[in-house]
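Thanks, everyone; I would like to spend a few minutes on one part of this structure, and then turn to the ligand. Please have a look at it first.

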Amino acid sequence: MSHRVLVAAELRNLLEPAELAGLDVTWIASGEPTPRGDWVAIVPLLTRWMGGTELKNLPKLRIVANVAVGYNNVDVVAAEMRGVLVTNTPGVLTDATADLTWALILATARRLVEGVDLVRSGKWTGWHPEQLLGLELRGHTLGLLGAGRIGQAVGRRAPAFGLRILYAARTAKPDFERDTGATRVPLSGLLNDSDIVSLHVPSSPETKGIINAKTLGRMKPGALLINTSRGDLVREEALAQSLEDGQLGAAGLDVYAEEPAIHPRLLAAPRTVLLPHIGSATEETRRKMATMAIANVQSVLSGKLPLTPVYPPPGT
Ligand code: NAP
């Protein structure tokens, strides 16, 4: 018997036919609303909101297999109440996202976009000892807000650049501290003492807006802010103000509060490097994410436990 499943149409080229064995797939494109019907599984992108209404309209649903490690596009409480499992894709995107975080750290510290713009403008007049001076990484401090998989992977790349590491987290990470010399500090200490602050906590009621006018005001003058986690961690109006005032040195962003819309003041703000949410965008990683989401569906539909549940399945 084949199971009726809804799968994001954008994943079609990333999946092998064998992975879809036994599934009767209905492909749904991003812009299409989530349909009503008797599908038993859905594999949505992070751009699809799976709230109470969507879940109610799929009364036979057994699993939402989100194609992302973050799952703030799913009303997890509503899903759990309806007995619907929710899974994500942890681990497979850690290195790709950590690498992209470093691309933003280097791009902001060394003013890459300004340099590219200068060359393309035809106004570059040649080498000058004081042109586009940036932040020397060696001897400065990287502050990680959140030291889970991606935060630690970013931190593990830092000693090669001679950076000291601070991190703020709910729980201590002794292995990470031992391997990298990182020190755990409260958020206030992280903001006061870091030359680069990089965000790696998930979006949640506790973390939404955690970077706001007050916390930005605690950062060192000229510090860099990097966000490859979720846009709503940052109050974008306050960030734009801080950049306009020259308080913050630069911002490197991959994510935004209202994607794909970008706050107009951020678009116009000086010293910002803005990327279109490409943290996990490598061929290998995107295939692994699609494969992991489908493997979760196959596992649950064959009566086994989900591979990567975001909350413990009932009875376990
Ligand atoms: P993870 O392993 O779960 O790490 C998240 C960490 O945040 C956990 O260690 C957790 O702390 C910590 N945390 C949660 N709430 C906190 C709080 N209030 N204060 C301090 N720390 C807190 O997740 P991950 O795999 O590293 O992914 C992190 C996030 O990156 C995802 O949620 C997703 O939004 C984002 N992401 C973005 C992209 C992109 O394309 N730009 C790609 C992948 C992921 P404890 O360990 O103490 O519980």
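Before I speak of residues standing opposite one another, let me say that two strands are taken as paired if DSSP finds at least two bridges between them. Please also keep in mind that this is a predicted model.

Let me begin with strand 11, which covers residues 250–253. On one side, strand 11 runs parallel to strand 12, residues 272–274, and 3 bridges join the two; within this pairing, Gly252 stands opposite Val273 of strand 12. Strand 11 is also parallel to strand 10, residues 224–227, with 4 bridges between them, and here Leu224 is the residue that faces Ala250. Strand 10 and strand 11, together with helix 9, which spans residues 236–245, form a β-α-β unit that is right-handed.

Which way do the residues of strand 11 point? Ala250 and Gly252 point one way, Ala251 and Leu253 point the other way, and all of them are buried. In a regular strand, side chains alternate between the two faces of the sheet.

Now to the ligand, which is surrounded by 24 residues, with Ile150, Arg170, Thr171, Lys173 and Thr228 being the closest. This shell consists of 8 nonpolar, 11 polar and 5 charged residues. Among the polar contacts, a backbone N or O atom of Thr228 is 2.8 Å from a ligand nitrogen, while a polar backbone atom of Arg149 lies 2.9 Å from a ligand oxygen. From the side chain of Arg230, an N or O atom lies 3.4 Å from an oxygen of the ligand. Of the 930 Å² of accessible area that the ligand has on its own, the protein covers 86%.

Technical notes
Residues numbered from 1 in each chain as written. Predicted model: local features only at pLDDT ≥ 70, side-chain atom pairs only at ≥ 80, totals over all residues. Heavy atoms only, no water. Buried < 20%, exposed > 50% of the residue type's maximum accessible area, 1.4 Å probe, protein only. Right-handed = clockwise from strand over helix to strand, strands pointing away. Near = heavy atom within 4 Å. Polar contact = N/O pair within 3.5 Å; in protein donor to acceptor, adjacent residues only side chain to side chain. Areas by Shrake-Rupley, 256 points an atom, 1.4 Å probe, with all protein chains shown as cover. Nonpolar A, V, L, I, M, F, W, Y, C, P; charged D, E, K, R; others polar.
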